[in-house]
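Thanks for asking me to look this over. Here are my notes, set out point by point.

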Amino acid sequence: DIIPEDWENHYLYQHGNLAAWTQPNGNDTIVGVPYYGASMTTMPQLFITTTPSNSKVVQVIYSAISVGFDNSELNYHHVWGRFTEGDGNWSAFTDYTGDVFHIFSECAYPALAPKPYNDNFYFTYQSDNMPGNSLQPSDAPSHDPVLNSIVVLSAPVPSLIGVNEHHVSSLEIAQNFPNPFSGQTNIEVTLNESSNVSLEVYSLTGQKVAISDFGFKTTGQHTLTLDGSQLTTGVYFYTVIAGQHKVTRKMMVN
């Protein structure tokens, strides 16, 4: 279990000494923690910049256990991030490698460029398809050596609206319900920008098995109904796409 589930009541967070912790994912649980000799949320990187409105922004990224992404034995690490104006009010958590292309990706050792470029921040991370690494622990490494990639990603530097306001994600989705399900399931989607909305379903092997187009949706909350009657029993990932934004969750079909 993630203990505690919410650190915002902890003195570390309330005194400005804690930016991030492992995030829950619906009813999913931690399968196993690959060894790095560090905590489940680790390898932090940060920079500080100033927006055109003269607000200081602190951007932090880190590697953390991602609940809901595993190979049945160990959970994968993803690269996560948050930001603040420097007043202690942190934005929502963002999984920068939470898309369908990283379902079976271990994302570790992030390195954040110290300064933004063209209104974006850039970072690299190391990735392979096995949780953990081939060096630790020294007496029984997590896995044998495998092919690794060094990946470069970028994201816009956040610009906040005003003091003491939290960043609001343009797309927020709740875990589908019921889950597990047979037949149909519902997904609550909250849009903070009007956009076209679609939904894609992927198998554990990354094969796209279904797609639904829900058309243009205005800002606010909407319920998307997914017909899974043609899906066989098993675990799937669904990705809700709204404009340029994507969020992926895991679901189970009975």
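The points below cover confidence, the open sheet and the salt bridge.

1. Let me start with confidence, since this is a predicted model. The chain has a mean pLDDT of 85, and 91% of its residues reach 70 or more. Among the places to read with care are residues 160-168, where the pLDDT is below 50. That stretch still has 16 contacts in the model beyond near neighbours in sequence.

2. Confidence in the chain peaks in strand β5 (residues 106-112), with a mean of 96. The lowest value is found in strand β14 (residues 245-253), at 82.

3. Next, the open sheet: four strands build it in the order β1-β2-β3-β4, with antiparallel pairing. Its edges are β1 (41-50) and β4 (94-95). Each of these has a single partner strand, so one side of each is left without a neighbour in the sheet.

4. If you would like to trace one pairing by eye, try β1 with strand β2 (residues 56-70): the two run antiparallel and are joined by eight bridges. A handy place to look is Thr41, which stands opposite Ala64 in β2.

5. Finally, the charged side chains. Side chains of opposite charge can pair when their charged atoms come close. The structure holds one salt bridge, formed by Glu200 and Lys208, with the closest N and O atoms 3.5 Å apart.

6. How exposed or buried are the two partners, Glu200 and Lys208? Glu200 has a relative accessible area of 12%, so it counts as buried. Lys208, at 43% relative accessibility, is partly exposed.

Notes:
Residues are numbered from 1 along each chain as its sequence is written. This is a predicted model: local features need pLDDT of at least 70, side-chain atom pairs count only at pLDDT 80 or more; totals for chains, interfaces and linings use all residues. Side-chain values use heavy atoms; hydrogens and water are left out. pLDDT is the predictor's confidence in each residue, from 0 to 100. Contact means heavy atoms within 4.5 Å. Two strands pair if DSSP finds at least two bridges between them. A salt bridge is a side-chain nitrogen of Lys or Arg within 4 Å of a carboxyl oxygen of Asp or Glu. Buried means under 20% relative accessible area, exposed over 50%, partly exposed in between (1.4 Å probe, protein chains only).
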